[in-house]
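Dear colleague,

I am handing over the structure that follows, and below it you will find what was found in it. Please keep it open beside this message as you read.

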Amino acid sequence: MIQFSDLSLMRGSKMLLQDVNATVYPGHKAGLIGANGCGKSSLFALIRGELHPEQGDFVIPKDWQIVWVAQETPAVERSALDYVMDGDLRFRALQTRLTAAEEKHDGEQIAVIHGLLEQAGAYDIESRAATILAGLGFANDVMQNSVNAFSGGWRMRLNLAQALLCYSDLLLLDEPTNHLDLDAVIWLEKWLQRYTGTLLLISHDKSFLDSTVNEIISVEQQKLVSYSGNYDSYETQRAERLRLQSLQYAKQQDQIAHLESFINRFGAKASKAKQAQSRVKQLARMETLLPVMADSHFTFRFLAPPKLPNPLVKMEQVKVGYGEKVILEKLQLNLVPGSRIGLLGKNGAGKSTLIKLLAGENQALQGNYETSAGLRIGYFAQHQLEFLRADDSPLVHIQRLDPKATEQSLRDFLGGFGFRGDDAMAKVAPMSGGEKARLVLALTVYQKPNLLLLDEPTNHLDLDMRHALNIALQGFEGAMVLVSHDRFLLSSVCDDFYLVDSGQVQPFDGDLDDYKNWILKPEQNANHTGETVLKPERKNVKRLEAEFRQSTQGLRKSVTQYEKRMADLHGKLEKFEAELSHSEIYSAENKKQLKDIITEQAKVKGELEEVELQWLDSQEQLETMQAEFDQALIS
């Protein structure tokens, strides 16, 4: 097992972990979570032997084989398949020994080494490597391409494949989904479910954690806190722990205040000096509880765009590609305010091509492509991080968008994205990937788009920032098209899914579980691209539904406001009833107060009755319109 005892860990002058005690048992699959910069990757470096603790002990079985994903890919001409097999150092060492034995014609050694090779799984290693590469999105015809032929993201997949191929007692995975699309994430998830060793996984993907781990280790206030179960279970347990901690902290603060008051009052009196000194010692011994820091550091929202034209984008029989190569054709898609579309499809099917078409980076090769005169596009993609100016600060970047805005208003805005104080003035160059992604998101949000295009927006973002983005997207009023491997985000903010497959973009009449089954059972793909899941005859239904949501937005908003007002009024009535339940209110000296309460109670009851009638009327209108719309769809 892995054991940390009274361990403290620093990086430079920063204390990351202090007096940590934690145990990871063999065969457990633990998710390591926490804000960016809290020490998760440094803990992995400690396990790999690259760092040493400032104090305390760290114990891991000496005979354990530890495997992790290499962060660098050497520039080599070896094929992708050979490169992945190179990761199994034992296999390659045995191959070398076998060659030497064969050159010496040492039959005994040759027999021994063949036995060792069999034990090491050498005779099916190529097929296992090919299976892993296929699962991570490599087509069969590219597995013989040299490593140098692949981009950075695909090289990281090669490194991940190396780690998965090797035998390991302990597998360390640090954000393995960052360079994967949803299909590869789903495959990796199934692979890890079958993994029999001990797993330590750093991830900010809730759905991925839920499906792969049975324990959560959370870095909280320089401590490691363990929670049994998956991420859902962690959230429930932590909420209860924080509630109890809040109560305990408040109680302790009362005790401290009482002790300090006694010391201040009686410390100088000889008759009470002994008791005062006793309380000084008691106060010193009292372990100070840190207040609960449950609130996220990130809070932002999308402001209403200046205009919401309808439709924002209209395309009919559109063909798009690169030069002579056609990627997508026969595109039929209307984007109206309220459209919330998630794009699904295998890597290379054309999801990013469609996003780039909408962003104006690609042009339609054929067909009718129209955009509204009032269109304001907010486009987020990972490659935009490269266009940030290295020597400029977040504040300078946003001042460039709005030179007339006051510095304080821009600082307040950036604060919602975690750039507070000196961070708003820091240069971009040394920033982490997460910080750069937050800055690009901030620039996107500030421009008040009415069409939001998001291509893998959660890469490098921690859980708190992902949660803030999720909440902000819930309130976005324009149209949104999202590509993401984060299923929690997809399911939370998308109303409709479209499948990009075989050069076509079609409505996907299913949820993410249906899509997962579609990916994992390729033999059933034919069924899912026919009438069962994809229904070309319903291509206009999603558009009509979005238009209906837009037309009833005002009415639905009124219903929500009435419901909120009714809740407030009910709360006031409960307060009045509580006051009237006390016998002392009926005494002669409280006669005026009693009269005032009864008068206010009557007013609130009258207002509540009026609001309830308005709510009922609006609700009936909405239900009637919904019924008429549903009937129109059926007919």
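A cavity, in the sense used here, is a set of points on a 1 Å grid over the protein atoms alone where a 1.4 Å probe fits but cannot get out, and its lining residues are those with an atom within 4 Å of a point. Grid points are joined across faces, edges and corners, and a volume is the space filled by probe spheres set on the points. This is a predicted model, in which local features need pLDDT of at least 70 and side-chain atom pairs count only at pLDDT 80 or more, while totals for chains, interfaces and linings use all residues. Residues are numbered from 1 along each chain as its sequence is written, and side-chain values use heavy atoms, with hydrogens and water left out.

With those terms in hand, the structure holds four cavities of 30 Å³ or more, and the largest of them has a volume of about 70 Å³. The residues that line this largest cavity are H204, D205, K206, T458, L463, R466, H467, N470, D486, F488 and L489. By kind, they divide into three nonpolar, four polar and four charged, where Ala, Val, Leu, Ile, Met, Phe, Trp, Tyr, Cys and Pro count as nonpolar, Asp, Glu, Lys and Arg as charged, and the others, Gly among them, as polar. Helices α15 (463-474) and α16 (487-493) each supply at least two residues of this lining, and α15 gives the most, with four residues. Domain 1 (1-65 + 168-229) and domain 3 (313-520) each contribute at least three residues to the lining; the domain bounds come from an automatic or database domain assignment.

Turning to the protein as a whole, there are 21 helices and 18 strands, which are DSSP runs numbered from the N terminus (H or I and at least four residues for helices, E and at least two for strands). Of the 635 residues, 45% count as buried, and here buried means under 20% relative accessible area, exposed over 50%, and partly exposed in between, with a 1.4 Å probe and protein chains only. Among contacts (heavy atoms within 4.5 Å) between residues at least 6 apart in sequence, 69% join residues at least 24 apart.

One pair that is far apart in sequence is P26 and G197, which are separated by 171 residues along the chain and by 7.2 Å in space, C-alpha to C-alpha. P26 is placed in the loop between β2 (14-24) and β3 (29-33), and, not counting residues up to four places away in sequence, P26 touches M1, W64 and T198.

Next come the charged pairs. Side chains of opposite charge can pair when their charged atoms come close. A salt bridge here is a side-chain nitrogen of Lys or Arg within 4 Å of a carboxyl oxygen of Asp or Glu, and a search of the whole structure finds 14 of them. One joins R48 and E50, at 2.9 Å from N to O; R48 is partly exposed at 26% relative accessible area, and E50 is also partly exposed, at 48%. Another joins R411 and E407 at 3.0 Å, N to O, and these two residues are four apart in helix α13 (residues 407-415), which means that about one helical turn separates them. A third joins D596 and K592, whose closest N and O atoms are 3.1 Å apart; both lie in helix α21 (residues 591-634), again four residues apart. In this pair D596 is partly exposed at 38%, whereas K592 is exposed at 62%. R78, D86 and R92 are linked in a network of salt bridges.

Helix α13 has an inward side too: L410, F413, L414 and G415 are its buried residues, and they pack against α12 (394-401) and α14 (433-446).

Finally, which backbone details deserve a look? Most residues other than glycine have a negative phi, and most peptide bonds are trans. Against that background, a cis peptide bond joins N310 and P311, with omega at about 0 degrees. H105 has a positive phi of about 55 degrees although it is not a glycine, and H105 is exposed, at 69% relative accessibility. Q222 likewise has a positive phi, of about 65 degrees; Q222 sits in the loop between β8 (215-220) and β9 (223-228) and is partly exposed at 29%.

With best wishes

How values were computed:
On a 1 Å grid over the protein atoms alone, a cavity is a set of points where a 1.4 Å probe fits but cannot get out, and a pocket is an open set with protein on both sides within 12 Å along at least five of seven lines; lining residues have an atom within 4 Å of a point.
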